[in-house]
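Good morning, and thank you for making time for this item on the agenda. I would like to take you through one structure, element by element.

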Amino acid sequence: MSSVQLKKLKQQMDNCRQCLEAGYSIAPKAIYSGVYSARTMIIGQAPGVTEVEAGRPFNAGSGTRLFDWLKAAGFNEKKFRSEQYMTSVTKCFPGKSKNGGGDRVPSRKEQGLCRSYLDREIQIIDPRLIIPVGRLAINLFYPSKLSLAEIIGLRKEINNRFIVPFPHPSGASRWHQIAENREKIAQAIEQIAGLRAELGL
Ligand code: SF4
């Protein structure tokens, strides 16, 4: 795989209008960031308004919390953003939810339409560590019947690639604010720190 292939894939994602053509009123602008040489990949759910405005994933409040967790694992935000890769299950802003209480969760069909891009990102970059953030991304690697409490802190190895999940860091999510769940997040942070040392990430 090569950086040229990643460049081509980025162009395809930038030009993609599949969800609009399928009738979804998304904002067609693919949000992702990072480089071919990345060894760690973050996969979120979908970008929000502030991510679209800034043109980068995890830009606002949820990004601040996510990078607090990553900092505790030894990553510097500026360095991470320039040296690693960040993407999401669906790349374009899905719009607000009908009840106005946050962003709409992309439908299964939209997830399916966008899936080949994510598969290609993983294939081309070939990261040693994937950090799925939030339920939609976690469901790519863990059975959906398991609760977050059962999953966070549960490191996996698939095809010589490590998976360490984080819950969604949004302020609207209460899960990470509960004391016993914070212990699970601390376990995940420790696992990431351990993998950084072991793999030189
Ligand atoms: S979310 Fe994915 S599949 Fe849908 S328009 Fe954006 S890039 Fe294309």
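I shall speak about the sheet, then the ligand site, and finally a few individual residues. Please keep in mind throughout that this is a predicted model.

Let me begin with the sheet. Six strands form an open sheet, in the order β1-β3-β2-β4-β6-β5, and the pairing is mixed. The edges are taken by β1, residues 33–34, and by β5; each has a single partner strand, so one side of each is left without a neighbour in the sheet. As a general reminder, strands of a sheet pair through backbone hydrogen bonds, in either the parallel or the antiparallel sense.

Strand β2, residues 40–44, deserves a closer look. On one side, β2 pairs with β3, residues 85–88, in the parallel sense over four bridges. Within that pairing, I42 stands opposite M86 of β3. Strand β2 is also joined to β4, residues 129–132, again by four bridges and with the two strands running parallel. There, I43 is found opposite P132 of β4.

Is β2 enclosed or open to its surroundings? Five of its five residues are buried, and β2 is therefore largely enclosed by the rest of the structure. In a regular strand, side chains alternate between the two faces of the sheet. In β2, T40, I42 and G44 point one way, while M41 and I43 point the other way, and all of them are buried.

At the other end of the strand order, β5 and β6 pair in the antiparallel sense, over three bridges. In that pairing, K156 has I163 of β6 as its bridge partner. The loop between β5, residues 156–158, and β6, residues 161–163, contains N159. N160 lies in the loop between β5 and β6 as well. The backbone angles here merit attention. The phi of N159 is near 50°, a positive value in a residue other than glycine. N160, which is not a glycine either, has a positive phi of about 65°. As for accessibility, N159 counts as exposed because its relative accessibility is 72%, against a cut-off of over 50%.

I turn now to the ligand. Where does the ligand sit? It occupies the largest cavity. The residues around it are C16, Q18, C19, I26, K91, C92, L113, C114 and Y117. By class, this shell has seven nonpolar residues, one polar and one charged. Two helices, α2 at residues 18–21 and α6 at residues 108–125, each supply at least two residues of the shell. The largest share, three residues, comes from α6.

Helix α6 also holds E110. This residue counts as buried because its relative accessibility is 2%, where the cut-off is under 20%. Leaving aside residues up to four places away in sequence, E110 touches C19, Y24, I26, T90 and R104. Among these contacts, C19 and I26 are also listed around the ligand.

My last point concerns A72, which is found in helix α4, residues 61–72. With a relative accessibility of 53%, A72 counts as exposed. How far apart are A72 and A193 in sequence and in space? They are separated by 121 residues in sequence, and by 8.0 Å in space, C-alpha to C-alpha.

That concludes the presentation, and I am glad to take questions.

Methods:
Residues are numbered from 1 along each chain as its sequence is written. This is a predicted model: local features need pLDDT of at least 70, side-chain atom pairs count only at pLDDT 80 or more; totals for chains, interfaces and linings use all residues. Side-chain values use heavy atoms; hydrogens and water are left out. A residue is near a molecule or strand if one of its heavy atoms lies within 4 Å of it. On a 1 Å grid over the protein atoms alone, a cavity is a set of points where a 1.4 Å probe fits but cannot get out, and a pocket is an open set with protein on both sides within 12 Å along at least five of seven lines; lining residues have an atom within 4 Å of a point. A molecule sits in a cavity or pocket if more than half of its atoms lie within 2 Å of its grid points. Ala, Val, Leu, Ile, Met, Phe, Trp, Tyr, Cys and Pro count as nonpolar, Asp, Glu, Lys and Arg as charged, and the others, Gly among them, as polar. Buried means under 20% relative accessible area, exposed over 50%, partly exposed in between (1.4 Å probe, protein chains only). Contact means heavy atoms within 4.5 Å. Two strands pair if DSSP finds at least two bridges between them.
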